[in-house]
Amino acid sequence: MLIGAAWYPEYHPEAQWDRDLSLMAAAGITTVRFAEFAWSQMEPEPGRFDTDWMARALDAFQRHRIQAVIGTPTATPPAWLAESDPTTLPVDDTGRRTGFGTRQHRCYNAPAYRERTRLIVEHLARRFGRHPALVAWQIDNEIGGELKACYCDICGAAFQRWLSGRYADITDLNRRWGTQFWSQTYLRFDQIPIPRKTAMQLMVKHNPSLMLEWMRFQSQVMVGYCHEQAAALRASTPAAIPILTNYDAFEWGENIDLRHMFSGLDLAGLDLYSQKDHEIAFYCDFMHDVKQQPFWFMEYGTGSPKLATELDAIAGSGHVDRLLFFKFRPFPWGQEQGTRELLTIMGTPGPNYHAIKEWTARHAAPSTHHIAAGTETSRPARRRVGVVYDFDSSWSRFLTGWSGVPQDLTYPRGLIDPVYKSLHDQGERARFVLRPEDLRDIELLLLPWTVIHDPALEDAVARHVAGGGSLLMTQDVFLKNRDNVFNETLPRLYRELLGCGADFLDHEPAGAHALVRETRAGAARIVVLGVKADLGDWTHWVRELLRKRV
Amino acid sequence: MLIGAAWYPEYHPEAQWDRDLSLMAAAGITTVRFAEFAWSQMEPEPGRFDTDWMARALDAFQRHRIQAVIGTPTATPPAWLAESDPTTLPVDDTGRRTGFGTRQHRCYNAPAYRERTRLIVEHLARRFGRHPALVAWQIDNEIGGELKACYCDICGAAFQRWLSGRYADITDLNRRWGTQFWSQTYLRFDQIPIPRKTAMQLMVKHNPSLMLEWMRFQSQVMVGYCHEQAAALRASTPAAIPILTNYDAFEWGENIDLRHMFSGLDLAGLDLYSQKDHEIAFYCDFMHDVKQQPFWFMEYGTGSPKLATELDAIAGSGHVDRLLFFKFRPFPWGQEQGTRELLTIMGTPGPNYHAIKEWTARHAAPSTHHIAAGTETSRPARRRVGVVYDFDSSWSRFLTGWSGVPQDLTYPRGLIDPVYKSLHDQGERARFVLRPEDLRDIELLLLPWTVIHDPALEDAVARHVAGGGSLLMTQDVFLKNRDNVFNETLPRLYRELLGCGADFLDHEPAGAHALVRETRAGAARIVVLGVKADLGDWTHWVRELLRKRV
Amino acid sequence: MLIGAAWYPEYHPEAQWDRDLSLMAAAGITTVRFAEFAWSQMEPEPGRFDTDWMARALDAFQRHRIQAVIGTPTATPPAWLAESDPTTLPVDDTGRRTGFGTRQHRCYNAPAYRERTRLIVEHLARRFGRHPALVAWQIDNEIGGELKACYCDICGAAFQRWLSGRYADITDLNRRWGTQFWSQTYLRFDQIPIPRKTAMQLMVKHNPSLMLEWMRFQSQVMVGYCHEQAAALRASTPAAIPILTNYDAFEWGENIDLRHMFSGLDLAGLDLYSQKDHEIAFYCDFMHDVKQQPFWFMEYGTGSPKLATELDAIAGSGHVDRLLFFKFRPFPWGQEQGTRELLTIMGTPGPNYHAIKEWTARHAAPSTHHIAAGTETSRPARRRVGVVYDFDSSWSRFLTGWSGVPQDLTYPRGLIDPVYKSLHDQGERARFVLRPEDLRDIELLLLPWTVIHDPALEDAVARHVAGGGSLLMTQDVFLKNRDNVFNETLPRLYRELLGCGADFLDHEPAGAHALVRETRAGAARIVVLGVKADLGDWTHWVRELLRKRV
């Protein structure tokens, strides 16, 4: 695992570059990330590009044998763009347009924003795509972080058009969404509302079918925007240079289908600030499985008192090719100002600078050039437990409850605590099942809160059980269809594998450890838990179902 | 007590109607409620009515010997109305207009909404007012639920006009409201603000006199809207068919004067979801006393594990003629989607279907036709304790405190816990005193938090005490006049009955059990409690004052 | 200490004036405050003044030998002003303009508001500036209370102009604010945003340099508005009559630089509602030191059960010339309605009326005429402990953290609890160091959370230590410069006095009682604590450092 760090030439006097890079190299840091917030330095005025400083920085990196990840700066449009076209600024769910002054202040669907994105990205790709110091492109920064959805009229109209392409006609939409409920039948697609918060004394959420589609639409908009940048970069960049983006997975709730996002990119990238062992392990396994290849850990914090141990664990996962700290030097100004990263605000090495230096020295660092995009270089331990992760089901959970604000993070958080923690505590690792075809070569499948019915996944589960594999699931699995509507007939899982009927629904757990039902299907054991099963329950059943296999 | 259920032909394929109605009839369910959210099914486009499906449903009901409550669909205006006239959509207290997508998205004062209401209601009344399956009309659904007040300019102007009719002139208003305070003297009625939330760093509420008038105005607007529908229905409906509305009493805070609302209707209707014995009992007694006749329980939940016991208690109150469950079948889609009501999502009977079937079989159900509007058919147990309920005082409590948001629900909630609970725990029931003339034939009168002075009620209390009746009151009774302004002279209650002066005000309770003062007036005992008396205090004094009478 | 009370002739029938004033005089109350909310009584319509009632009131005061503080009524502009020019109403940080109906509904920068302010204040000054009953002018009421900042376009443009006067050019601003961070480089001053709340799903705060300047700007706007009134009053008022304003210090967070505000006035005024001994003592010492002269306690509550004890403590501080109760009579109507102050709502004396009467009788009241503005009449006990209070540092703390809303009140609240409380518990009083030159004649200096580096203060601290004075400071002192940007070189305090380098930064406290470092500089002892030191820690070190000096 190679070590890197974010370090911003655009933030520091050029006279300090060599000092900083020498310190970096001395610590075994071989990758830098920069430029992802530097739009106004690259294009100080509309159409006037000034990227000579980047060329000088890349040359400096090369002098110090440091490879560079260049970020596209699109998460921070300059003041002149907001000023010249306010429709590039996003609108919140009360209809208020944000002002300039922070970051992610962009409507992905605004034509002016997309055009300006294309111009700056093409400029960067043409000028630096073949620079020898370039090791990867990073698109934007933490897409879907601060801005999870824009509710402006442009987005509303795009949503309506997008819907019109997904339904045979408005009648089909009405039927599938059940718009007879509360008199919401639409005559035309352009009557469908942008799901802004209601403005009444008791807020009521929007139709759950509309809301799930809205979340899918937002994900697709962000993914599409990201892929458009990838195409522009690729046009001027050799294939050997990977293109990625850094996703701040789960920390703010899960709102992008990472399978789609990373399927159009060469590498998955993760930003994570955690010092919990099981959480770090979860993300290492999960982010690997998104593309089924090692990923790059694009941001990790510098403040841990046990940093070397954490690096050992991350490297030991076998899933991480590079890990970049955020950040080498603290920022004296701005919203992320502070006094200590790997260097202190005075420019002197801090305690964890030395910790990293020792760590890289201890590890025989491989050549910095053997890593190509998508190459599987690690030998992950065999993983005998599978865990299904389903984005639709996660989003459906967001929308549960009377409140109109999606804030039930049970699904993404629950996959870590208690589900993954119950595995980690027993020394198990998980293979994540993100697609039906991922379900193979495991002994025990965990199927928690997968409320949306996917027939192909159901078939794969049936094959797993037919092959003698055990199954540990919650009581709500597959109860809804892809329209976020409850099925009125029992899915095959219930009829064939569990051998139960409608009386199964909603029963309170009757047994110990949240048990709802325990049965066998041939050699396979199947256990169904209540949806509120806790860490003790999951730990008990994981142990039980793995023990019996010995 | 007849049993019914909400069941929506407009939500289900016509092919399932007979199956559902047969199951209903087999369970002894003899009333259905439907159509109250079906505006877009009734009038798919402006002015084009399509109610043949209702006719077929009513015929189906009749075939199964089931009586129907038809709801007017005005709580869910169709998308085409919001689209054609956005002023029909309500505005919140920050000035934001709500969008389409939920329910109760209507400004009661918007001319277009009232006109469209008239047309759809007249159509329904003309077509179905004499249908033999019709047993009652339900107006709208839970008026004052999600939308408690609209702050749009139409409503603001209506409020100003309404005020101008209630005061001799603007000088009279200034004098009564004390607008010399904080320089709020008005020169004209049209200067009086819509009491939207202030937009400063520390929010300050509006003048309490203005706010109490605003709450009265909102109540009158909703009541007026309801009564306008009642008149339109009555014009084409025989007098024997009662007209009601279903009020979701107290659950969201008390904002409609139920005396006014139900005085213009034939029956009171209640929606309640509670499994607390004393709360159910409270509502049964209270809703009876609003019109002093039995009421219809229009919505009750289906999920209780002790449903038969609850039905026994409700029927045993002697105050409920019909109880309708919400709902017979679960909705697979929409904001109220779920998997189990009396039937499951698969269409099979669930546990409480059977519980109801047994309950109806056990009770010799009376003929379904002997219930006429307003007929007193029950024999309520004698109630020797009276409890004053005063809407003005309740609203005045909302407005207490520095914050501008009315959220102090002490009054309506406090009537249940602790006041009514202290009675229920001792096996007592209450007669609610909603008007001065209701105060008769009781031994003990409870007068909690009745802060607004009503001279007629004061006279009735004096007569009660003169007749030897006991009185248990809080320390704040009658301290304000109808303008929500503190009286500067002591009301007669204090001077004559309690024999005290201004030194009485605001004292902390000095005795045990929150006692402020205990006195006698002839044979009567009078006890005054601090306003924060708790369940233990109320229980003690109720017992004490009832015991002494033995 | 003379006793007074707020009493409003404009709120009561003229027939009651003599009764009230007789009661006042009988209780030894020799000062009244009135008129500060009476704009619509003074100027019922634009330009038509009616202040004869004030003249009659002043004559009545004189008859009763009561001196009057007249308040300018500018915190409550009349309805006619809001109506004629809505730009006089302030806008909040979501861009919403407030409506009429409460108080402080004024944009200080709105030209129409300033013009109307000038006219009413000049009228008052000309008519009453030489009235023999006038003892002082009070400007406005609790400036910066409800309205802490206006975010309207007028204020935004004024902020941009103000900034343009404080920086050499936009390049200078960009450099000092570090706008290279997040691509926030500005081309012109008029691109700098009004720092309204961001409207995204995850709110991000604005640049901390911008925010500190915004807080300074708001303070200067309010101070400038106040001083403009002072000048208008002084033009027609003899110099012997002091001009003050009543600041509701700290209770709502600290947002005005009181040094600036009171440097342009003759007296400091305080509004405080507290019954905590150490809090009252804190304010007495602090408000004295703002101008280094006794102040007037303009509002104190009437409800305490131990009022006489509190009066003894306040008088005993030696810092208060006059204390006015708020208020003599309760208001029956309006947002501050109630039933008991010194009189009850019935007009009869309440318990604390008598308490005050006894208190004034017990104290040989000095003549009411010997108090002139700025005269030091008290003999405060020697104060051997100094506490630095720095407004910039306080505001910088507000802006800490990720959230955009300044709500970290650690600084102003922390000065009371735990810092001042640790002194008070040991019988010590503080001399507050609000300017470098205040630092003299003390043995121990407390320097908590003074994060903004002030070289002059640093010099004074060095002199204090060189003179053998002890120093007790937190770990974050002087880390930032006046731009709210972290220093990249160690201030002299660290290099010379503490003898430490960059390794000092951010260490967790290593010793007992939050100790980070303990050292000596000659005879002086210096102790550095972690920023989260609690009451126990402060108490321990204050005792330790004072004990050693014996």
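This is a chat about the chains of a predicted model and how they meet.

User: Let's start with a single chain. How many helices and strands does chain A have?

Analyst: Chain A comes to 17 helices and 14 strands. Keep in mind that the model is predicted.

User: And what does chain A span along its principal axes?

Analyst: The C-alpha trace covers about 75 × 60 × 40 Å.

User: How does the radius of gyration of chain A sit against that of a compact globule?

Analyst: It agrees: a compact globule with 550 residues would come out near 24 Å, and chain A has 25 Å.

User: OK, on to the copies. What turn superposes chain B on chain A?

Analyst: A rotation of 120°, with 0.0 Å of shift along its axis, and the RMSD is 0.0 Å. That is the relation of a three-fold axis.

User: Which residue of chain B comes closest to that rotation axis?

Analyst: B:Arg96, with its C-alpha at 5.8 Å from the axis.

User: And what does it take to lay chain B on chain C?

Analyst: A turn of 120° and a shift of 0.1 Å along the axis, again with an RMSD of 0.0 Å.

User: Now the interfaces. How many residues are in contact between chain B and chain A?

Analyst: Chain B puts in 49 residues and chain A puts in 40. About 3,900 Å² is buried between these two chains, and carbon and sulfur atoms give 59% of that.

User: Which residues of chain B lose the most area to chain A?

Analyst: B:Arg96, B:Gln335 and B:Met346, which together make up 19% of what that side buries. B:Arg96 is also the residue of chain B that comes closest to the rotation axis.

User: How many salt bridges between chain B and chain A?

Analyst: The count is 2. In one of them, the side chains of B:Glu83 and A:Arg188 meet with N to O at 2.3 Å.

User: Which helices of chain B supply residues to the side that touches chain A?

Analyst: Among them are α2 (39-42) and α4 (79-84), and each supplies at least two residues. By class, that side of chain B has 21 nonpolar, 16 polar and 12 charged residues.

User: How many residue pairs are in polar contact across that interface?

Analyst: There are 22 pairs between chain B and chain A, counting residues at pLDDT 80 or more on both sides.

User: Switching sides: how many residues of chain B and chain C are in contact?

Analyst: On this side chain B has 40 residues in contact with 49 of chain C. The buried area is about 3,900 Å², with 59% of it from carbon and sulfur atoms. In chain B, B:Phe181, B:Trp182 and B:Gln201 lose the most area to chain C, together 19% of what that side buries.

User: What about salt bridges and polar contacts across chain B and chain C?

Analyst: The rule finds 2 salt bridges there, and 22 residue pairs in polar contact with both residues at pLDDT 80 or more. B:Glu488 forms a salt bridge with C:Arg329, where the closest N and O atoms are 3.6 Å apart. The side of chain B that touches chain C divides into 17 nonpolar, 15 polar and 8 charged residues.

User: Last one. How many salt bridges over all chains?

Analyst: A search of the whole structure finds 141. One within chain A joins A:Arg547 and A:Glu544, at 3.2 Å from N to O.

User: Where do A:Arg547 and A:Glu544 sit relative to each other?

Analyst: Both are in helix α17 (residues 535-547) of chain A; they are 3 residues apart, so about one helical turn separates them.

Note on methods. Residues numbered from 1 in each chain as written. Chains lettered and ligands numbered in written order. Predicted model: local features only at pLDDT ≥ 70, side-chain atom pairs only at ≥ 80, totals over all residues. Heavy atoms only, no water. Contact = heavy atoms within 4.5 Å. Buried area = accessible area lost by both parts, 1.4 Å probe. Salt bridge = Lys/Arg side-chain N within 4 Å of Asp/Glu carboxyl O. Polar contact = N/O pair within 3.5 Å; in protein donor to acceptor, adjacent residues only side chain to side chain. Nonpolar A, V, L, I, M, F, W, Y, C, P; charged D, E, K, R; others polar. Least-squares fit on C-alpha atoms with pLDDT ≥ 70 in both. Helix = DSSP H or I, 4+ residues; strand = E, 2+ residues; numbered from the N terminus. Rg over C-alpha atoms; globule rule 2.2 N^0.38 Å.
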